[in-house]
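Open your viewer, keep the selection tool handy, and follow along one stop at a time. Each stop tells you what to select and what you will find there.

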Amino acid sequence: MGRGKVVLERIENKINRQVTFSKRRNGLLKKAYELSVLCDAEVALIIFSSRGKLSEFASNISVPTTLEKYWQHRYSSPVDIPVDETQTLYQEVLRLKAKYESLQHSQRHLLGEELESLTVKELYKIEKQLDRALSQARQKKTQLLLERMEELSKKVKAAPLAQHVETYSSWV
(Lines give C-alpha, C1' and ligand atoms only; values in the text may rest on other atoms or scores of the structure.)
Protein backbone atom coordinates (compact mmCIF):
# COMPACT_ATOMS: atom_id res chain seq x y z
CA MET A 1 0.00 0.00 0.00
CA GLY A 2 1.45 3.38 -1.03
CA ARG A 3 1.65 6.59 0.89
CA GLY A 4 -1.02 9.24 0.58
CA LYS A 5 -0.38 12.48 -1.24
CA VAL A 6 1.13 15.09 1.07
CA VAL A 7 -0.47 18.53 0.95
CA LEU A 8 2.32 21.10 0.80
CA GLU A 9 1.26 23.77 3.23
CA ARG A 10 2.60 25.05 6.53
CA ILE A 11 2.10 22.60 9.39
CA GLU A 12 0.21 24.50 12.09
CA ASN A 13 1.00 22.16 15.00
CA LYS A 14 4.38 23.30 16.35
CA ILE A 15 5.50 19.86 17.52
CA ASN A 16 4.51 18.12 14.27
CA ARG A 17 6.24 20.90 12.31
CA GLN A 18 9.48 20.41 14.28
CA VAL A 19 9.38 16.62 13.87
CA THR A 20 8.73 16.94 10.13
CA PHE A 21 11.53 19.50 9.81
CA SER A 22 14.00 17.20 11.60
CA LYS A 23 13.09 14.16 9.50
CA ARG A 24 13.15 16.05 6.20
CA ARG A 25 16.39 17.85 7.10
CA ASN A 26 18.05 14.50 7.86
CA GLY A 27 16.72 13.07 4.60
CA LEU A 28 18.04 16.05 2.66
CA LEU A 29 21.46 15.77 4.32
CA LYS A 30 21.53 12.04 3.48
CA LYS A 31 20.65 12.77 -0.17
CA ALA A 32 23.39 15.40 -0.39
CA TYR A 33 25.91 12.87 0.98
CA GLU A 34 24.72 10.18 -1.44
CA LEU A 35 24.96 12.57 -4.40
CA SER A 36 28.52 13.50 -3.46
CA VAL A 37 29.60 9.86 -3.09
CA LEU A 38 27.77 8.31 -6.05
CA CYS A 39 28.51 11.05 -8.57
CA ASP A 40 31.77 12.39 -7.14
CA ALA A 41 30.13 15.80 -6.99
CA GLU A 42 31.16 18.67 -4.77
CA VAL A 43 28.09 19.40 -2.65
CA ALA A 44 27.41 22.04 -0.02
CA LEU A 45 24.07 22.25 1.77
CA ILE A 46 23.02 24.96 4.21
CA ILE A 47 19.77 24.80 6.17
CA PHE A 48 18.47 27.31 8.72
CA SER A 49 15.61 26.22 10.96
CA SER A 50 12.79 28.62 11.80
CA ARG A 51 14.64 29.33 15.06
CA GLY A 52 17.80 30.20 13.16
CA LYS A 53 19.72 27.00 13.98
CA LEU A 54 22.25 26.14 11.27
CA SER A 55 22.65 22.69 9.72
CA GLU A 56 25.21 22.20 7.00
CA PHE A 57 26.91 19.54 4.92
CA ALA A 58 29.99 19.77 2.75
CA SER A 59 31.43 16.96 0.65
CA ASN A 60 34.87 18.54 0.59
CA ILE A 61 36.76 20.43 3.31
CA SER A 62 34.04 22.88 4.35
CA VAL A 63 30.94 24.77 3.28
CA PRO A 64 32.81 28.12 3.12
CA THR A 65 35.34 26.58 0.72
CA THR A 66 32.55 25.39 -1.57
CA LEU A 67 30.78 28.74 -1.29
CA GLU A 68 33.96 30.58 -2.19
CA LYS A 69 34.35 28.33 -5.22
CA TYR A 70 30.71 29.05 -6.14
CA TRP A 71 31.18 32.83 -5.92
CA GLN A 72 34.38 32.68 -7.97
CA HIS A 73 32.67 30.62 -10.64
CA ARG A 74 29.51 32.73 -10.56
CA TYR A 75 31.26 36.06 -10.98
CA SER A 76 34.35 35.14 -12.97
CA SER A 77 32.39 33.93 -15.97
CA PRO A 78 32.11 36.64 -18.59
CA VAL A 79 28.80 38.44 -18.56
CA ASP A 80 27.99 40.81 -21.37
CA ILE A 81 26.13 43.63 -19.63
CA PRO A 82 26.35 46.95 -21.42
CA VAL A 83 27.85 49.80 -19.43
CA ASP A 84 24.65 51.86 -19.50
CA GLU A 85 22.65 48.85 -18.21
CA THR A 86 25.21 48.38 -15.44
CA GLN A 87 24.73 52.03 -14.49
CA THR A 88 20.94 51.56 -14.53
CA LEU A 89 21.23 48.49 -12.32
CA TYR A 90 23.52 50.36 -9.93
CA GLN A 91 21.04 53.23 -9.69
CA GLU A 92 18.24 50.73 -9.03
CA VAL A 93 20.29 49.16 -6.24
CA LEU A 94 20.86 52.59 -4.70
CA ARG A 95 17.14 53.43 -4.99
CA LEU A 96 16.13 50.13 -3.36
CA LYS A 97 18.69 50.59 -0.61
CA ALA A 98 17.33 54.07 0.15
CA LYS A 99 13.76 52.70 0.14
CA TYR A 100 14.81 49.90 2.51
CA GLU A 101 16.41 52.34 4.92
CA SER A 102 13.32 54.57 4.75
CA LEU A 103 11.07 51.62 5.56
CA GLN A 104 13.32 50.67 8.48
CA HIS A 105 13.04 54.22 9.87
CA SER A 106 9.27 54.17 9.44
CA GLN A 107 9.03 50.82 11.19
CA ARG A 108 11.14 52.07 14.09
CA HIS A 109 8.94 55.16 14.38
CA LEU A 110 5.76 53.05 14.35
CA LEU A 111 7.28 50.93 17.13
CA GLY A 112 7.88 54.08 19.18
CA GLU A 113 11.64 54.16 18.65
CA GLU A 114 13.82 57.09 17.54
CA LEU A 115 11.02 59.64 17.96
CA GLU A 116 13.23 62.38 19.45
CA SER A 117 14.21 63.93 16.11
CA LEU A 118 10.65 64.11 14.71
CA THR A 119 8.57 67.26 14.40
CA VAL A 120 5.07 67.61 15.80
CA LYS A 121 3.66 67.27 12.28
CA GLU A 122 5.56 64.01 11.71
CA LEU A 123 4.43 62.67 15.10
CA TYR A 124 0.85 63.59 14.23
CA LYS A 125 1.16 61.68 10.94
CA ILE A 126 2.48 58.59 12.77
CA GLU A 127 -0.36 58.88 15.28
CA LYS A 128 -2.91 58.93 12.44
CA GLN A 129 -1.29 55.87 10.82
CA LEU A 130 -1.45 53.98 14.11
CA ASP A 131 -5.08 55.05 14.65
CA ARG A 132 -6.03 53.75 11.20
CA ALA A 133 -4.20 50.47 11.77
CA LEU A 134 -5.81 50.04 15.19
CA SER A 135 -9.24 50.80 13.74
CA GLN A 136 -8.76 48.25 10.97
CA ALA A 137 -7.57 45.63 13.46
CA ARG A 138 -10.60 46.27 15.67
CA GLN A 139 -12.97 46.05 12.68
CA LYS A 140 -11.46 42.72 11.63
CA LYS A 141 -11.64 41.40 15.19
CA THR A 142 -15.29 42.46 15.48
CA GLN A 143 -16.10 40.83 12.14
CA LEU A 144 -14.45 37.57 13.21
CA LEU A 145 -16.25 37.62 16.57
CA LEU A 146 -19.63 38.24 14.89
CA GLU A 147 -19.02 35.39 12.46
CA ARG A 148 -18.08 33.09 15.33
CA MET A 149 -21.19 34.14 17.30
CA GLU A 150 -23.33 33.41 14.24
CA GLU A 151 -21.78 29.94 13.91
CA LEU A 152 -22.39 29.21 17.59
CA SER A 153 -25.95 30.49 17.34
CA LYS A 154 -26.61 28.11 14.43
CA LYS A 155 -25.16 25.24 16.45
CA VAL A 156 -27.35 26.09 19.44
CA LYS A 157 -30.44 26.26 17.24
CA ALA A 158 -29.54 22.97 15.54
CA ALA A 159 -28.75 21.11 18.78
CA PRO A 160 -32.24 21.25 20.39
CA LEU A 161 -33.82 20.14 17.10
CA ALA A 162 -31.63 17.04 17.05
CA GLN A 163 -32.45 16.38 20.70
CA HIS A 164 -36.19 16.66 19.99
CA VAL A 165 -35.96 14.20 17.10
CA GLU A 166 -34.01 11.80 19.32
CA THR A 167 -36.59 12.11 22.12
CA TYR A 168 -39.50 11.61 19.69
CA SER A 169 -37.92 8.50 18.16
CA SER A 170 -37.51 6.95 21.62
CA TRP A 171 -41.27 7.38 22.26
CA VAL A 172 -42.27 5.58 19.08
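**Stop 1: The whole chain**

Start with a cartoon view of this predicted model. The chain has 4 helices and 2 strands. Follow the cartoon along the sequence and you will read the pattern α-β-β-α-α-α.

Now show the surface. The chain exposes about 15,800 Å², and carbon and sulfur atoms supply 59% of that area. How many of the residues count as buried? Of the 172 residues, 8% do. To count as buried, a residue must have under 20% relative accessible area.

One more number for the whole chain concerns contacts with a separation of 6 or more: 16% of them are between residues 24 or more positions apart.

**Stop 2: A nonpolar patch**

Next, select Ile46, Phe48, Leu54, Leu67, Tyr70, Trp71 and Tyr75, and show their side chains. Together they make a nonpolar surface patch of about 750 Å². Two elements give two or more residues each to this patch: strand 1 (44-48) and helix 2 (63-76). Which element gives the most? That is helix 2, with 4 residues.

Zoom in on Leu67, which you will find in helix 2. Is Leu67 buried, partly exposed or exposed? Its relative accessibility is 33%, so Leu67 counts as partly exposed. The partly exposed class lies between the limits of 20% and 50%.

**Stop 3: Asp40**

Before you move on, here is a little background on backbone angles. Most residues other than glycine have a negative phi. The next two stops go against that habit.

Select Asp40, in the loop between helix 1 (14-39) and strand 1. Asp40 is not a glycine, yet its phi is positive, at about 55 degrees. Turn the surface back on around Asp40: its relative accessibility is 71%, so this residue counts as exposed.

**Stop 4: Glu114**

Finally, go to the loop between helix 3 (83-110) and helix 4 (120-171), and select Glu114. What is the phi of Glu114? The angle is near 50 degrees, a positive value in a residue other than glycine. Glu114 has a relative accessibility of 37%, and therefore counts as partly exposed.

**Looking back**

To finish, colour your selections and view them together: the patch with its 4 residues from helix 2, Asp40 in the loop before strand 1, and Glu114 in the loop between helix 3 and helix 4.

Terms used: Residues are numbered from 1 along each chain as its sequence is written. This is a predicted model: local features need pLDDT of at least 70, side-chain atom pairs count only at pLDDT 80 or more; totals for chains, interfaces and linings use all residues. Side-chain values use heavy atoms; hydrogens and water are left out. Buried means under 20% relative accessible area, exposed over 50%, partly exposed in between (1.4 Å probe, protein chains only). Contact means heavy atoms within 4.5 Å. Accessible areas come from the Shrake-Rupley method with a 1.4 Å probe; for residues, only the protein chains shown count as cover. Patches are made of residues with over 30% relative accessible area and no salt bridge: like charges are joined within 9 Å, nonpolar side chains (Val, Leu, Ile, Met, Phe, Trp, Tyr) within 5 Å. A salt bridge is a side-chain nitrogen of Lys or Arg within 4 Å of a carboxyl oxygen of Asp or Glu.
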